[in-house]
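Student: I would like a close look at a single part of this model, with its strands and their surroundings described in order.

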Amino acid sequence: MKNLNDLKKQIDSIDGRGYKSYKTLEGDYDFSDYILHIDHVQGDPFASPSRIRVSMKSNVNKIPYDLFNENHKRIAVQDFITRVFSQNINRFGERVMGSGKSGMINISRCPQEILDRTAIVIDKDKIEARFEVGFPARGRSVLGRELQKILYDFLPKIVDDSLKYERLNKNKLINRVKLVCDQEFIREELKRQGLVAFVANGSILPRESGVSTRPLRDGREFISPKELEVSISLPNKGLIKGMGIKKGITLIVGGGYHGKSTLLNALELGVYNHIEGDGREYVISASTAMKVRAEDGRAIIKDDISLFINNLPNGKDTKKFTSENASGSTSQAANIVEAMESGSELLLIDEDTSATNFMIRDDVMQSLVSNENEPITPFIELVRGIYEEKDISTIIVVGSSGDYFDIADTVIQMDAYEPKDVTNKAKGLAKGLILKRIEDRDLKIDINFDRKLLKGSIEKGPKGVKIKTLGVDGLNINREELDLRSVEQIVDREQVTTIGNVMKWADDKLINNNLTMIEITDKIIDEIKNKGLLSISGTKGGAGNLALPRRQEIMAAFNRYRKLRIK
């Protein structure tokens, strides 16, 4: 292995030469406290920056193993250090001379949620940081002195202050780990107490704006109604109290702008742990909770939506329903079926983003248009059976249909962001007509989940499979756009990048015409669990821009890929 002086000589030897001579720097260099790995050099100063990796042995970083000896603690430590590394880039990474992306240093930017990432990876032996550096150029000529500033002046400071335990804010790191341990404890406590969600007293749910995930300054604190309040004794924080939402069917009602959707949004993101100061640190939902909605225009490929839609006038098969341009009702039916297929224990639905004819059909309309002439069995007639037969709970924001009172277990009214338990009042207003209708129809929850994926769904172009991430909204796979805008629990573009890598990896390694989508997804998750997220990156030294999505988002992406082949 070469050392830091060898690298400096090599940089001096190419100074002023053509930009492609930077390629000769690829390799590993011993910087005493750490190894610098130049894994990939950009081909042009305007191209994506070069991929760099730093690895530091545990006897140098000295981060105590008991801080990351469990998976959720490891994720907490990695997330903390990623944020510190980013802050130190801003402190020490001064702009250097050059054109294009010269001098740019980038590492993953973390949102309020704590995700498993590849930017920082720690184990018992070492810690690794993966980031990007724009190698400096004048025009398209090497600026060697400027690169030396980055690698010898800026980077050692960034690395020392980010990766060495003695230089970190130990109290903040320890408290972050404790916070995540408490969050995971609540997640397990939900199961023990028969809950699907918990919102702690004192939580700040509103965000500061529609485009910000930060808490609203001076936002109203959430206080649970006494009837729904539960207590949880946490291993670190101690006793906390808050609103527990029980398994079953829960309605969130109230006037417009009173906080219904704000509460639902907090619950849908409660599948993730959050950093301190977010306001939703102790808003915890069942880890498999899935937000579903109508999604006009999405592709559906051989979904069994016959539970909701049958006897179409055109005779189309709804047990293997396929559409290039689904309607609101068929798309919402598919989204619910796919959420059930993905193993979701909790459905989250907002009336405002649902298809009205899918959600409900009142008695007046039933009197005019009989069931025999209506192919849609509305969700209101099936949601009770979905819970009782499949143990899948539902939380629904309802603003206009009191018929849902018939089938609800709990009704929460949001009044100027204050939750109130109005279950008894709502039940007193219920007419019982929906319950009678359900009893008369005697519907069974029967869905077929045996769809098998065929190899070759992801076509390879002249240069293989090319994946381009389009923020959190989707990605291009060989120019075929995969729209993920309605998969609302994706919070980071790096989760989308990971989805693209997963789909490519699965097509290469797993899809053999005999495995169902569930089986393939489980094998993907097992691969990542056993070998780490880097195992599906497919790049030299491992990609540093991956963040783990859930099983639900992986399957949602497969289901929306228009070229997917299913038998």
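Student: Which residues does UniProt assign to the feature "domain: ATPase of the ABC class N-terminal"? Please take that part and go through it in detail.

Tutor: The model is a predicted one. The UniProt record, an unreviewed entry, places "domain: ATPase of the ABC class N-terminal" at residues 5-165. Over this span, 35% is helix and 23% is strand, and the C-alpha atoms at its two ends are 27 Å apart.

Strand β2, residues 27-30, is a convenient place to start. Gly27 and Tyr29 form its covered face, while Asp28 and Asp30 form the uncovered one. In general, side chains in a regular strand alternate between the two faces of the sheet.

β2 pairs with strand β1, residues 2-3, in the parallel sense through 2 bridges. Within this pairing, Asn3 has Asp30 as its bridge partner. Between the two strands the chain passes through helix α1, residues 4-14, and the resulting β-α-β crossover is right-handed.

β2 also pairs with strand β3, residues 35-40, here antiparallel and with 4 bridges. Asp28 of β2 is set opposite His37 of β3. Asp28 and Asp30 are thus worth reading together: both belong to the uncovered face of β2, with Asp30 bridged to Asn3 and Asp28 facing His37. The hairpin made by β2 and β3 has 4 residues between its strands, and Ser32 there adopts a positive phi near 75°.

Further along the chain, Arg95 sits in the loop that links α3 (71-92) to β5 (105-106). Arg95 has a relative accessible area of 54%; the cut-off for exposed is over 50%, so Arg95 counts as exposed. Setting aside residues up to four places away in sequence, Arg95 touches Gly100, Ser102 and Met104. The C-alpha atoms of Arg95 and Glu146 are 9.6 Å apart, although 51 residues separate the two in sequence.

As for packing, nonpolar side chains in soluble globular proteins tend to be buried together. The largest nonpolar core of the model contains 81 residues, and Phe308, Phe379, Tyr404 and Ile524 have the most contacts inside it. Beyond its neighbours within four places in sequence, Phe379 is in contact with residues including Phe308, Ile336, Leu347, Phe358, Ile396 and Tyr404. Apart from that core lies another, of 57 residues, with Ile14, Val77, Ile81 and Phe92 among them. Ile14 is in helix α1, the helix of the crossover between β1 and β2, and Val77, Ile81 and Phe92 fall in α3 (71-92).

Technical notes. Residues numbered from 1 in each chain as written. Predicted model: local features only at pLDDT ≥ 70, side-chain atom pairs only at ≥ 80, totals over all residues. Heavy atoms only, no water. UniProt positions renumbered as here; feature names shortened; annotations may be inferred. Core = buried A, V, L, I, M, F, W, Y, C linked by side-chain atoms within 4.5 Å. Buried < 20%, exposed > 50% of the residue type's maximum accessible area, 1.4 Å probe, protein only. Contact = heavy atoms within 4.5 Å. Pairing = 2+ DSSP bridges. Right-handed = clockwise from strand over helix to strand, strands pointing away.
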